[in-house]
Amino acid sequence: MTKHVSRQETSPSAVLTEEKQSFFRQPRAVWATALAAVFAFMGIGLVDPILPAIAENLDASPSQVSLLFTSYFLVTAVAMLVTGVISSRIGGKRTLLLGLGLIVVFASLSGLSGDVATLVGFRAGWGLGNALFVATALAVIVGVASGGTATAIILYEAALGLGISLGPLLGALLGGWQWRAPFFGTAVLMAAALIALIIMLPATPTPAHRTSLKDPLLALGHKGLRTTASSALFYNYGFFTILAFTPFVLGMDAYGIGAVFFGWGLMVAIFSVLVAPVLQRSLATTRLLLLTLGILALVLVGLALAAERSVAAVVVLVIVSGALLGINNTLYTELAMGVSDAPRPVASAGYNFVRWLGGALAPFAATKLAELYNPQTTYAVAGAMVVIAGVVVVSGRRSLKHAEAE
């Protein structure tokens, strides 16, 4: 594993200058892959502004509509175990193209759905394509980017943040016209990304070692990776409670919901790319992670108090949460990529398998709790989950020291 010069041995200004130069001086293949990743991540928040419209048009309850997220992330989580098997046999580029092709097909089919059960099923297929693309994209960017692993992760998180912010915006702009339109719009964008990668991404060699189905699970035998993934599972519960449940609390139309989550996504992007690296120069990764998890738990408590009382307060707290989520996304990714000696694609697959289970559970559980009890209970449970994420980090803190030294 590549060792980096410690922050103590290099002045902050020199580090910042070097990182900026590394960030912008990338091969065209990196930018093409990153742009395709932006489009792929747009699919996560795309349905956010149109959740109420889908519920109304397909005569479904909020918890039924939330299955659009649950099926997507559940399939994404399980598929993470097979992404390495596929990419190690057909190569990174072909795996990316296969993932993009599946997204184009299932996004198009989602737009043709006539009932919520069919739509949920097509979103599951979309999740399979997303898993093949997303897991492989990080490995490809790390392998092709100049400037080392840290720069590649920042590029990846930049794509994540932009995609998450632009997804609700696209969903609002198209969904305000017709709820099916965002699905067809995504299919067009992913088809464009598919063509761009065919042209701009050089053929990637097939790895010498073929990954087996059990390799990601065996990688989780490393306590540091297991601690990171387990904490991320509970953290993602809080993350996707905010993303998937809040549209039902806001009481706005598609444009209003899209505007709120566009602001939220911008905060995710800005703080993951620009702020997290700066904060890491002052605080150790685990200490910073514990701090941001603690503040996020307080934000969720604030959402519990504001729900059904003050829409303005909910909007402010949601946007503030985006800053914390952006920092945490970068910290978790860096820990997962550097904490163990497993190959990065294998470590990524094991980590993502566990953490996306939190994303699969949260949307349905959050809306169901609100239906059975109230929105206050939903946010309070999410806050408790984030606290558990912090407890997991504290309990395994020694096993994370290796990643902090990278």
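Reader: How many residue pairs are in polar contact between domain 1 and domain 2?

Author: Good place to start! This is a predicted model, and between domain 1 and domain 2 there are four residue pairs in polar contact, with both residues at pLDDT 80 or more.

Reader: What is the count of salt bridges between domain 1 and domain 2?

Author: For salt bridges, the count between the two domains is zero.

Reader: Which elements of domain 1 give two or more residues to the side that touches domain 2?

Author: Look for four helices: H3 (51-57), H4 (62-90), H6 (116-144) and H7 (148-175). Of these, H4 gives the most, with 17 residues.

Reader: And how many residues on that side of domain 1 are nonpolar, polar or charged?

Author: Sorted by class, the side of domain 1 touching domain 2 has 32 nonpolar, 13 polar and three charged residues.

Reader: Where does each domain lie along the chain?

Author: Domain 1 covers 25-211, and domain 2 covers 212-405. The contact between them takes 48 residues from domain 1 and 46 residues from domain 2.

Reader: What separates the centres of domain 1 and domain 2?

Author: Taken over C-alpha atoms, the two centres are 19 Å apart.

Reader: How do I read the area buried between domain 1 and domain 2?

Author: The idea is to ask what accessible area the two parts lose on being put together, summed over both. Here that comes to about 4000 Å², and carbon and sulfur atoms give 76% of it. To find the place on domain 1, pick out Phe73, Leu81 and Glu157: these lose the most area to domain 2, together 15% of what the domain 1 side buries.

Key:
Residues numbered from 1 in each chain as written. Predicted model: local features only at pLDDT ≥ 70, side-chain atom pairs only at ≥ 80, totals over all residues. Heavy atoms only, no water. Domains from an automatic or database assignment. Contact = heavy atoms within 4.5 Å. Buried area = accessible area lost by both parts, 1.4 Å probe. Salt bridge = Lys/Arg side-chain N within 4 Å of Asp/Glu carboxyl O. Polar contact = N/O pair within 3.5 Å; in protein donor to acceptor, adjacent residues only side chain to side chain. Nonpolar A, V, L, I, M, F, W, Y, C, P; charged D, E, K, R; others polar.
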